[in-house]
Amino acid sequence: MRVAIAALTLMVATPVMAEDLVFTLVNNSSHSITEMYVSPVGEDLWGENILTVAAVESGVSGDVTIADGLDVCDYDLRFVTDTGLEATQEQNLCDTAVFTVED
């Protein structure tokens with residue numbers, strides 16, 4: 001009995017590590033995406049541009065990793081194009097393997 005209690009205490013004391021969210025971003029719009037911001041739904045701040053390239057050109061796709069250490073799935077996404085257009089959308093990224101941006 002003492003071993004079971006010690007094991008349970010160890011499990012409770014061990015922090016749960018959040019996994020990175022990885023998905024493929026497909027740009028099927030007619031614009032180049034130059035900035036992408038993510039924020040958990042309900043947060044007021046966007047943080048930094050998470051794109052690791054200068055632009056995601058029309059017709060191009062690539063993997064996006066959100067490594068914010070949070071254990072959430074629902075994010076607000078904000079995209080900025082090379083012409084200054086902006087679009088936002090709420091998305092459950094835990095259930096998303098491919099996210100497509102379209103006009």
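**A first look at the pockets and the sheet**

Let me begin with the lining of the largest pocket, whose residues divide into six nonpolar, six polar and three charged. Please keep in mind throughout that we are looking at a predicted model, and that I will stay with what can be read from it.

The pocket I have just mentioned has a volume of about 260 Å³. It is lined by 15 residues, and of these the closest to its centre are S29, F79, A87, V101 and E102. If you ask which elements give two or more residues to this lining, they are β4, covering residues 74-81, β5, covering 86-92, and β6. Among the contributors, β5 has the largest share, with four residues.

There is also a second largest pocket, with a volume of about 180 Å³. Here the lining is made of 13 residues, and those that lie nearest the centre are L51, T52, V53, D63 and V64. Which strand gives the most to this lining? That is β3, which supplies five residues. By class, this second lining holds eight nonpolar residues, four polar ones and one charged residue.

Since β3 and β6 have both come up, let me turn to the sheet that contains them. This is an open sheet of three strands, in the order β3-β1-β6, and the pairing within it is mixed. Its edge strands are β3, residues 61-66, and β6, residues 98-101, each of which pairs on one side only. From one strand to the next, the twist averages 30°.

Looking more closely at one of these pairings, we find that β1, which spans residues 21-27, runs antiparallel to β3, and that six bridges join the two strands. To find your place in the model, you might start at L21, which stands opposite I66 in β3.

Finally, let me step back to the chain as a whole, where the secondary structure comes to one helix and six strands. Read along the sequence, the pattern is α-β-β-β-β-β-β, so written with the helix ahead of the strands. The chain has 103 residues, and 28% of them count as buried. As for contacts with a separation of 6 or more, 65% of those in the chain are accounted for by residues that are 24 or more positions apart.

To return to where we started, the two pockets can be kept in mind through their strands: β5 gives the largest share of the lining of the largest pocket, whereas β3 gives the most to the lining of the second largest.

Key. Residues are numbered from 1 along each chain as its sequence is written. This is a predicted model: local features need pLDDT of at least 70, side-chain atom pairs count only at pLDDT 80 or more; totals for chains, interfaces and linings use all residues. Side-chain values use heavy atoms; hydrogens and water are left out. Two strands pair if DSSP finds at least two bridges between them. Axes are lines fitted to C-alpha atoms, for helices over the stretch in contact, and angles run from 0 to 180 degrees between N-to-C directions. On a 1 Å grid over the protein atoms alone, a cavity is a set of points where a 1.4 Å probe fits but cannot get out, and a pocket is an open set with protein on both sides within 12 Å along at least five of seven lines; lining residues have an atom within 4 Å of a point. Grid points are joined across faces, edges and corners, and a volume is the space filled by probe spheres set on the points. Ala, Val, Leu, Ile, Met, Phe, Trp, Tyr, Cys and Pro count as nonpolar, Asp, Glu, Lys and Arg as charged, and the others, Gly among them, as polar. Buried means under 20% relative accessible area, exposed over 50%, partly exposed in between (1.4 Å probe, protein chains only). Contact means heavy atoms within 4.5 Å.
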